[in-house]
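Hi,

Here is the structure I promised to pass on. Have a look at it first, and then read on for my notes.

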Amino acid sequence: IDLKKPDGAQVAMTIARRCDIVVESFRPGVADRLGIGYEAVRAANPAVIYCSVTAYGPDGPWRDKPGVDGIVQGVSGLMSIIGNKEDLPSKVQTPIVDSVTGYMATSAILAAFILKERKGIGQKIDVNMYNSALMLQQISLCTYLASGQVPERIGSAAPYAAPNEALPTQDGWIMIAAYQEGRWRALCQVLERPDLAEDKRFVDLNSRVKNRRELFQVLSDMFRRKRTQEWVETLEAADIMCGPISTYDQVVASSQIHHTKLLQEMDHPVAGKISMPGFGINFSAASAITKFPPPLLGQQTTEILSSFGFSTEEIRNLFESQVVMERDPTA
């Protein structure tokens, strides 16, 4: 729908009148100017759940700032705790703020929907990327608020536990989590270094966290003696949590991902046969199988408009005036 055309907003409003949920992700004020803001939609559909997703929220000093995932990773402090101290600033390479904002919006919408089902009440929900990024950092942010100490970038390590980080092996890297006292002592036995458990630098969790760099060096020297898979087998036999640092080709080839049946193959009208991740949650009373590939922009315009009561003639007029468009998936 071209919302800037006079009839575009009217089409959107016709659809919104029959929807339980409306989601928009314009900058604050844009939906209102287009005539499809919350108040306009609520006037036509009083019980609507209307979710606005923005970069920094509907008000406040940063209200009108544009924002994308990388920018918000920076200003929210997330980039300040990623990578090693000596490295250039780094970010999470998957758009984590975009993703978690979507999850936050979904949770909020479902909570609002329960209220609507129980009491018939709709409401407006504001979700923004900045708040979502801060909520994602609960442990680091709360640690700073409690201590006043700005966190350092410590790579794969956890600021509250050691050893709990990636260690180099003969042919790659392995992530281990042996910070609990029982597992730490078991690791010392596996390494044939029981003396490390009594070393005053590593004798308890606080000491190991304080002397993390020394501990990393000691463990690295020993872990470099064997291949990653050898270590995995040895550590798992001793009930020490670990796992290889896998690349995507190794992930896709793993027995676990095939067991989950998360990856699906299907035919796409433009790209041909594609492999894509499906839905990662299983329900006992419903199917979570992805049945269709992602639709092309405008692929289902006629179908959707028809389902909301638009006549064949109305749809034809909307196409002719270019208020809406449709793409032939076989073209």
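How many bridges join β4 to strand β5, and which way do the two run? Five bridges join them, and the strands run antiparallel. Before I go further, please keep in mind that this is a predicted model.

Those two strands belong to an open sheet of three, ordered β4-β5-β6 and paired antiparallel. β4 (164-168) and β6 (241-244) are the edge strands, each with a single partner, so one side of each has no neighbour in the sheet. From one strand to the next the twist averages 25 degrees.

Now for the pairings themselves. β5 covers residues 173-177, and a hairpin of four residues connects β4 to β5. If you want a spot to click on, Pro168 has Trp173 in β5 as its bridge partner. On the other side, β5 and β6 are antiparallel too, joined by four bridges. There, Ile176 stands opposite Cys242 in β6. As a reminder, strands of a sheet pair through backbone hydrogen bonds, either parallel or antiparallel.

What packs on the sheet? Helix α11 (residues 228-237) does, touching β5 and β6, and its direction makes about 20 degrees with that of β5. While you are looking at that part of the chain, check Lys226 as well: it lies over the face of Trp231, at 4.9 Å from the ring centre.

Next, the nonpolar cores. The largest one has 21 residues, and the members with the most contacts inside it are Ile174, Trp184, Leu187, Leu219 and Phe223. Two or more residues come from each of β5, α8 (181-190), α10 (212-223) and α11. Of these, α10 gives the most to this core, with five residues. There is also a second, separate core of 20 residues, which includes Cys19, Tyr38, Val41 and Val323.

My favourite bit is the aromatic part. The model has seven aromatic pairs. In one of them, the rings of Tyr56 and Trp62 have centres 5.2 Å apart and planes at 80 degrees, so the pair counts as edge-to-face. Tyr56 also pairs with Tyr130, this time in a tilted arrangement, at 5.9 Å centre to centre with 55 degrees between the planes. That second pair links distant parts of the chain: Tyr56 is in the loop between β2 (49-54) and α4 (69-75), while Tyr130 sits in helix α6 (residues 129-136), 74 residues apart. Put together, Tyr56, Trp62 and Tyr130 form one aromatic cluster.

Are the three rings' residues buried or exposed? Tyr56 has a relative accessibility of 11%, so it counts as buried. Trp62 is partly exposed, with a relative accessible area of 32%, and Tyr130 is partly exposed at 24%.

One last thing to look at around that cluster: what sits over the ring of Trp62? The charged end of Lys65 does, 5.7 Å from the ring centre.

Have fun with it, and shout if anything looks odd.

Cheers

Technical notes:
Residues numbered from 1 in each chain as written. Predicted model: local features only at pLDDT ≥ 70, side-chain atom pairs only at ≥ 80, totals over all residues. Heavy atoms only, no water. Pairing = 2+ DSSP bridges. Axes fitted to C-alpha atoms, helices over the stretch in contact; angles between N-to-C directions. Contact = heavy atoms within 4.5 Å. Core = buried A, V, L, I, M, F, W, Y, C linked by side-chain atoms within 4.5 Å. Buried < 20%, exposed > 50% of the residue type's maximum accessible area, 1.4 Å probe, protein only. Phe/Tyr/Trp six-rings, centres within 6.5 Å; stacked < 30°, edge-to-face > 60°. Lys NZ or Arg CZ within 6 Å of the ring centre and 35° of its normal.
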